[in-house]
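Reader: I'm new to this one. Can you walk me through what sits around the ligand, and then the rings?

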Amino acid sequence: MHGLMMNHPLTLAQILEHAHRIHGNKRVTTLLPDQTLHSYNYTALYERVKRLANVITQVGIVQPGDRVATYASNTYQHLELYYAIPCLGAVLHPLNIRLSAAQLAHITHEAEDKVIFVDGAFAEQFEALRNEIACEQVTYFNQMSTDADPSYEQLLSEADPAYAWDIPDENWAMGLCYTSGTQGEPRGVLYTHRSMFLHTLAVNQADVFGLTEADVVLPLVPMFHAMAWGLPYASMFAGADIVLPGAKPACIADLIAETGVTVAAGVPTVWAEAYPELRKRRQDISSLRRLIVGGEAMPPTLIEAYEKKLGIEICHAWGMTEMSPTGTFSKLRREHQALPDAEKWLIKAKQGRPIPGVKLRLAAEKSDEFTELPWDGKTAGELHVQSPWTARAYYRSEPTDEHFTADGWLRTGDIATIDAHGYMQIVDRAKALIRSGGESISSVALETALLKHPYVTEAAVIGVPSEKWSERPLAVIALTPVGAVSNRADADISDTLKQHLSVEFPKFWIPDRFVFVDEIPKTGVGKSDKHTLRKRLLSAETKEKLP
Ligand code: AMP
């Protein structure tokens, strides 16, 4: 028997309408490239979002369900697009501005973006790629109008201020984010209004992000990566002020001090870099109560430094683009409060408990079947997840066994333990991805490209620990006779190979180091034995060559 409650659709229009009606005076502040602040309130944003919806639909080429891309950092115009595009029934597709022309070409061709909104701050960078990119129209914002091209501001000021939201149903697609594919090709994750609405409610629980209307939220995580961890929606549903840092603030401490930030979110690399500056300005940043940290593991020493020296609570989160992206969140339980500090940091350094609504499973694969492993904090297994905000397939591809199990779980590619209280800890990665500064680098894609070079007969790219970036790629190369007899120094060959890779990949993907060997060790099934390579390499850290 079905119940008798209203079947009220869960859409982002509800979040926007609520934010405007209940919290219209709350502020959105953006750090502009000249380091001055732009600020307006939710009501002003709301009115501009409606005009923007008219601008987008009046172009005449955007139909419901069409993809509309953005190429921008964290600014108020990007926030306006975060609402206008999905609320008019189109699909918001944030493009990662760090990707190479080849990667963006692949993504935009697959997504078939109709329009791309480009931040004028990246005009030069975008124009250099424009010929590669598939889209019917490019609209710049943060740029003056020309006779041929009216500016974003001009378009908004001329647009009709009224717009009736048009979202066919709660399962309608609202956003598309690409994630690095392990085999090199990026894969699209297509969120629905319902999934993003439920993710918003889930992260706003007290034991998760716990945002309230008294907060001032600073998302340092880029709006072009994994929907900025859902913060653009979660902050406005809670009624918090939002501070958008643009591409990169010259001084995070200044921004926090000037705007009274209470909660900030970003990858550990950002917090490691900002620590000395925040320490010096301790008095000025006293408003900051909590950091949400994820994308890669937060080292216990950094957690300790922030909590003990700065009195700022660290909440370590884990997730994936495929999970909208939040999956687990690490906060201490009541019974942990009495533990010695050192033990507390170790618990906080775990990736945390599944947030309510997310199910985790530790699994071992045997003859194509999965058996469940115990939650004893010791047994490591493949981590599987389920939730209403987790992808069940990738955009434009059939679900494969590599990513989805027959019984309905997403295979995360992370290897983890889970303890009796449900704290998950990542101990390894089964997928061929290297995490650097919170972004993924596909080792397989780099190896495939290296093998195309006439000097290379074998290539294995491995992640090696880096204090600043968490991991950096290192390439181990066996040279072909052509390369070996080229009489060139190793450094010379490394430069040639770096040059070769930079045609296809962004700068941060290029291995910092190349190590040359006669032969790459193999596993029993003939694959590169990266485990042995890593071990040999780390034990020979000071030498230039592998033993
Ligand atoms: P992405 O889809 O780019 O957000 O990458 C997701 C992957 O990042 C996960 O599958 C993990 O391998 C890694 N990751 C995310 N958060 C953490 C974390 N807190 N600790 C360790 N790895 C993480």
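**Ligand shell and rings**

Author: The shell around the ligand divides into 5 nonpolar, 7 polar and 5 charged residues. Here Ala, Val, Leu, Ile, Met, Phe, Trp, Tyr, Cys and Pro count as nonpolar, Asp, Glu, Lys and Arg as charged, and the others, Gly among them, as polar. This is a predicted model: local features need pLDDT of at least 70, side-chain atom pairs count only at pLDDT 80 or more, and totals for chains, interfaces and linings use all residues. Residues are numbered from 1 along each chain as its sequence is written, and side-chain values use heavy atoms, with hydrogens and water left out.

Reader: Which residues come nearest to the ligand?

Author: A317, T321, D414, K431 and R435, out of 17 around the ligand (a heavy atom within 4 Å).

Reader: And which backbone atom lies 2.8 Å from a nitrogen atom of the ligand?

Author: A backbone N or O atom of A317. Taken alone, the ligand exposes 500 Å², and the protein buries 94% of that (Shrake-Rupley method, 1.4 Å probe).

Reader: Which element gives the largest share of the shell?

Author: β13, with 4 residues. Strands are DSSP runs of E, at least two residues, numbered from the N terminus.

Reader: Switching to rings. How many aromatic pairs are there?

Author: The count comes to 15. Rings of Phe, Tyr and Trp (its six-membered ring) pair if their centres lie within 6.5 Å; planes under 30 degrees apart count as stacked, over 60 as edge-to-face and the rest as tilted. One pair, F209 and F329, is tilted, at 5.8 Å centre to centre and 55° between the planes.

Reader: Are F209 and F329 buried or exposed?

Author: Both are buried (under 20% relative accessible area, 1.4 Å probe, protein chains only).

Terms used: A polar contact is a pair of N or O atoms within 3.5 Å; within protein, one must be able to donate a hydrogen and the other to accept it, and residues adjacent in sequence count only if both atoms are side-chain atoms. Buried means under 20% relative accessible area, exposed over 50%, partly exposed in between (1.4 Å probe, protein chains only).
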